[in-house]
Amino acid sequence: MRILIVEDEQKLADLLRRGLKGEGYIVDHAADGEVGQNKIELNHADYDLIILDLMLPKKPGYEVCRNIREAGIKTPVLILTARGETESKVLLLNSGADDYMIKPFHFSELFARIMALTRRPAELLKSELKVADLLLDLNTKKLFRDGKEIELTLKEFRLLEYFMRRPNTVIERVNLTDNVWDINYDNFTNALEVYIFRLREKIDKGRKHGLLETVRGVGYKLKIS
Ligand code: CA
């Protein structure tokens, strides 16, 4: 699950980011309305939820929300408002937001709203990914190759999920670090290589046909022959 936070108060943004990461979400952040709207327009297919502050530099939250709805983007939006901004409740709901919360709030309350907003109809939830003889169960987070279970850490699971959703596609390293991790890659120079190495050990070791291919100078590819 991936969440975008559009919030200009750095402290609150950091708090949310840490809290949500602790719950297993991947978190993106934008600090003003314009950057937020751009990110949504470009990446909305990847987001499960957008947390949008109401009062933002450059473009207010309700305007961002209205614009993305007009563009046909249906990702759930939870708006954060400060106390005293409640007179704009109607404005909020007219903008196409799904819910709103008044600051300050307890994290447990936020979390409950997030759970409610991201609960999608069961038939839309694809619970398995299959690529070649790999089968990844998205609910139990279990991986099987050729029917045999392979244990993965959560990071390895996310990495493999990313590959399995894009088989036979060369994926640039920067896409992996940006989308699978929420980290500044410069600070983790070798982290990706290490994770790829471990993942490859797990899925390809001792096998004639390796699936996870290095594309020199570019990135990696999950190759199905
Ligand atoms: Ca604000």
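In the predicted model, the donors of the calcium ion are spaced along the chain as D-x44-D-x1-M. The pair D8 and D53 joins distant parts of the chain, the two residues being 45 apart. D8 lies in the loop between β1 (2–6) and α1 (10–22), whereas D53 belongs to strand β3 (residues 49–53). Coordination of the calcium ion is provided by the OD atoms of D8 and D53 together with the O atom of M55, at 2.1 to 2.4 Å.

The two aspartate donors were also examined for solvent accessibility. D53 has a relative accessible area of 3% and is therefore buried, the limit for this class being under 20%. For D8 the relative accessibility is 31%, so this residue counts as partly exposed.

A further feature of the model is the packing of two helices. Helix α2 (residues 33–43) and helix α3 (residues 61–70) have axes that come within 10 Å and cross at roughly 20 degrees. Because angles under 35 degrees count as roughly parallel, α2 and α3 are assigned to that class. The crossing of these two helices is right-handed. On the α2 side, the contact is made by G33, Q37 and I40; on the α3 side, V64, N67 and I68 take part. By residue class, the contact of α2 with α3 comprises three nonpolar and three polar residues, with no charged residue among them.

Methods: Residues numbered from 1 in each chain as written. Predicted model: local features only at pLDDT ≥ 70, side-chain atom pairs only at ≥ 80, totals over all residues. Heavy atoms only, no water. Donors = N, O, S within 2.8 Å, 3.2 Å for Na, K, Ca; no water. Helix = DSSP H or I, 4+ residues; strand = E, 2+ residues; numbered from the N terminus. Buried < 20%, exposed > 50% of the residue type's maximum accessible area, 1.4 Å probe, protein only. Axes fitted to C-alpha atoms, helices over the stretch in contact; angles between N-to-C directions. Parallel < 35°, antiparallel > 145°, perpendicular 65-115°, else oblique. Left-handed = near helix turned anticlockwise from the far one by under 90°. Contact = heavy atoms within 4.5 Å. Nonpolar A, V, L, I, M, F, W, Y, C, P; charged D, E, K, R; others polar.
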